[in-house]
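Take a moment to turn the structure around on your screen before reading on. We will walk through it together, one part at a time.

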Amino acid sequence: MATATTDSTITTDRAVPGDRSTLLGGWRARHRADLASHLAHHGAPPLPRPGDHAWPPRLAAAVEASGLTGRGGASFPSVTKLRLLASAPGRRTVVVNGMEGEPASAKDKTLLRCAPHLVLDGAELAACAVGASRIVVCVADGDHHSADAVVRAVAERAGTALAPVTVEVKRPPGRYVAGEESALVSWLDGGPAAPGWRPDKGHSLTIGRRATLVHNTETLAHLALVARYGPESFRSRGVPDAPGTTLVTVTGAVEHAGVYEVAMGRSLGDIVHGARPTDEVAAVLTGGFGGSWVPAAALATPYAPGPLAAVGGVVGAGVLVVLARRACGIAETARVARYMAGESAGQCGPCVFGLPAVADDLGQLWRGTVDGGVLARLEARLTAVDGRGACRHPDGVARMARSALRVFTADAAAHASGRPCAFARQPSVLPATVGAIKAGTT
Amino acid sequence: MIKVNPVACTAYGYCAELLPELVTLDEWGYPIVERGAVPPHLVELARRAAKDCPRRAFLLRQAATEVGSST
Amino acid sequence: MSSPVLWYATRATGLMSLVLLTATTLLGVITANRATSARWPGFSLQDLHRRLSVLALAFLAGHILTSVVDTYVNIGWTSIVVPLASSYKRVWVALGSIGIDLLLAVAVTSFLRHKIRARTWRAVHWLAYLSWPAALSHAFGMGTDMRQGWVIVLSALCVAVVAGAGLWRLAVSTSRRRNALTLIPVHHRPDGVPVKPLSA
């Protein structure tokens, strides 16, 4: 059963048992995002009494027991970040990453608009757990809808017992790499929103002299649920190695594109078919523009980091872009590569020069105007850019392109011998900014 | 071991000139460095490369400490 | 004290500085433009550039010291770095002081290169080009040897080399190869709104 908001479709996943302790259960029940509805549905968040020093380790233990991992793309155990920051010297800051630079993703926007109080609960709980005196919510400067929702929610809680730590809302530039955690921290510290080089991630990020914890909106929302309903409730869904529910944005050749809350471990095919593909599914781009393609043959795979990786997929930002039969995977890959090249922060040579070169090769492949060595040259360039930037942006492009060459082998061979498939000129199923890229511009 | 700071590097290429055994340049002039420990007979050259890099992008590390042109 | 030896030393060290600074500038441009090869590697030309610049500064120091110590003309210690403080050939000495000030800035920032921001170092280093008109007009204005044929030829050669190198540097630094950011295709949203930069 689907319910739609103005621009991002929120849908229900009927297979999730017990809606109360889910991320979107409150929205589904009441279609309201205000504080009163939130409290009526979930009750008050279990914030600590001032001076309760036993509370932070208790929360950390609960988070650890739940097995919660980051929902921003890296799938890193959340308790590790909490503990790293709790042991950092000096004053601390918690940053809520609501940037969602991935064009094909809408889950963070959905959470901020439909369950902002759950996110803020999580932020306040995390801040109390690490002893932070400041919370900053970052929303892309072009995302006014989400920003308004957050500002309203912050105002509702301001001065009450629900906001022991003050919350600020900031609007960094809405570029792809600006949501990377070191880029975000750099911008908050007065620099450009460009990722920093972090040869060893053992040290926490800092804004000025304040140690900073950056968490994705969804991760914090889950944290708020774990704190309230306990780790067992979180583990009651999903699978042992990947517990809990997760938000997935399904777009592409589907009738009901939108954000779905699914239990980890549900089959990829189930999730995709829940959004009603318009035609037989050929492949799915998992994770995001820096993720990887998975062929239709692998649709029975459980949606979880381990099993997905085994078939060449990735959970990443919870994105699934569906490609149907009568479409060209090479064309879509070329569009994504050109978009990603344009989103380079411009700091590292291999990314600045390498990504446009890769996009050029893929563009040639798309058009079918190739010289003999294009596939070999593309392979060599993908190896050359992989891992040679300060951040994982070029790595993502290499992964995505390599997976395309693997999944669309037959198409790639045909394009490479100058015979592009009949569907190379079809309109794109990708989001508008990327879908508008034409073969001639690459 | 050698680490290159990709943000600082602007493809001067001195590291590749001094240490062709461990550093090759990609088609855009940026260094691709061999992983692992620097062979003892090349350590002196590696130190020189770290010192000569105009952007301090070529870094020599032993365990967790950074040995740049300070040695 | 006053002595013709001091006077000859001032003129000689001045000319030597001119030649050494010319060579330094040329080497600097060659390395910056990456016009190096396997036989003339960048690291060694860069090394030479640095060493010659130190030598040039040594000769400049000699040039300044001998002129100040020589009591035949009244050039005070302050006028080394303060323009227009000299009573002898005020304007021409002042131009020399300006040249020294600029080169001092370049020397200090280069000495502290990795402790300051890369952009700052670069900006000050480009000031070295500005020191040339100051130094050259100082040389012509002070006049002593400028009537001699070989000095004129030598000076003209140095000017030609520096001017050529400067233009070459300008050409390469503004070309697409150096300006990496232009390679990133700027894309516009379908509604025509350009994408914003990453800096505030």
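**A walk through the chains**

Let us start in a loop: His31(A) sits between α1 (25–30) and α2 (35–42) of chain A. Keep in mind as you look that this is a predicted model. Is His31(A) buried or exposed? It counts as exposed, because 12 C-beta neighbours lie inside 10 Å, and a residue with 12 or fewer is placed in that class. The backbone of His31(A) also deserves a look, since its phi is near 55°, a positive value in a residue other than glycine. Most residues other than glycine have a negative phi.

Chain B offers a companion case. Arg56(B) is not a glycine, yet its phi is positive, at about 50°. You will find Arg56(B) in the loop between α2 (43–52) and β4 (58–62) of chain B. Arg56(B) is partly exposed, because 16 other C-beta atoms lie within 10 Å.

Now step back and take in the whole of chain A. It contains 18 helices and 14 strands. Along its principal axes, the C-alpha trace of chain A spans about 70 × 45 × 35 Å. How does its radius of gyration fit with that of a compact globule? For 442 residues, such a globule would have a value near 22 Å, and chain A has 22 Å, so the two agree. Of the 442 residues in chain A, 58% are buried. The chain also brings together parts that are distant in sequence: among contacts between residues at least 6 apart, 73% join residues at least 24 apart.

Two helices let you see burial up close. Helix α8 of chain A covers residues 181–188, and eight of its eight residues are buried, so the helix is largely enclosed by the rest of the structure. Among these buried residues are Glu181(A), Ser182(A), Leu184(A) and Trp187(A). What do the buried residues of α8(A) pack against? Their partners are five strands of chain A, namely β3 (92–98), β4 (134–139), β5 (167–170), β6 (205–207) and β7 (210–216). Just after α8(A) comes Gly190(A), with a positive phi of about 100°.

The other helix is α13 of chain A, with 14 residues running from 329 to 342. From its first C-alpha to its last it reaches 20 Å, close to the 20 Å expected at 1.5 Å a residue. Here 14 of the 14 residues are buried, so α13(A) too is largely enclosed by the rest of the structure.

Leu184(A), which we met in α8(A), leads us to the largest nonpolar core. This core has 144 residues, and Ala126(A), Leu184(A) and Val284(A) touch the most other members. Which helix supplies the largest share of this core? Helix α6 (residues 116–130) of chain A does, with ten residues. Leaving aside residues up to four places away in sequence, Ala126(A) touches Leu82(A), Val94(A), Leu213(A), His215(A), Leu220(A) and Leu223(A). A second, separate core of 24 residues includes Val29(C), Ile30(C), Ala56(C) and Val106(C).

Chain A can also be read as a set of domains. The domain assignment gives domain 1 (13–236), domain 2 (239–324) and domain 3 (332–432). Taken over C-alpha atoms, the centres of domain 2 and domain 3 of chain A are 22 Å apart. Where these two meet, twelve residues come from domain 2 of chain A and 15 residues from domain 3 of chain A. On the domain 2 side, β13 (292–295) and β14 (319–324) of chain A each supply at least two residues. β13(A) gives the most to that side, with three residues. By class, the residues on the domain 2 side divide into seven nonpolar, five polar and no charged.

Let us finish with chain B and its meeting with chain A. Chain B has two helices and five strands, and from the N terminus on they run β-α-β-β-α-β-β. Of its 71 residues, 35% count as buried. Among contacts in chain B with a separation of 6 or more, 49% are between residues 24 or more positions apart. How many residues of chain B are in contact with chain A? Nine are, and they touch twelve residues of chain A. The side of chain B that touches chain A has six nonpolar, one polar and two charged residues.

Technical notes
Residues numbered from 1 in each chain as written. Chains lettered and ligands numbered in written order. Predicted model: local features only at pLDDT ≥ 70, side-chain atom pairs only at ≥ 80, totals over all residues. Contact = placed C-beta atoms within 7 Å. Nonpolar A, V, L, I, M, F, W, Y, C, P; charged D, E, K, R; others polar. Helix = DSSP H or I, 4+ residues; strand = E, 2+ residues; numbered from the N terminus. Rg over C-alpha atoms; globule rule 2.2 N^0.38 Å. Buried ≥ 20, exposed ≤ 12 C-beta atoms within 10 Å, placed from the backbone. Expected span 1.5 Å × (residues − 1). Core = buried A, V, L, I, M, F, W, Y, C linked by C-beta atoms within 7 Å. Domains from an automatic or database assignment.
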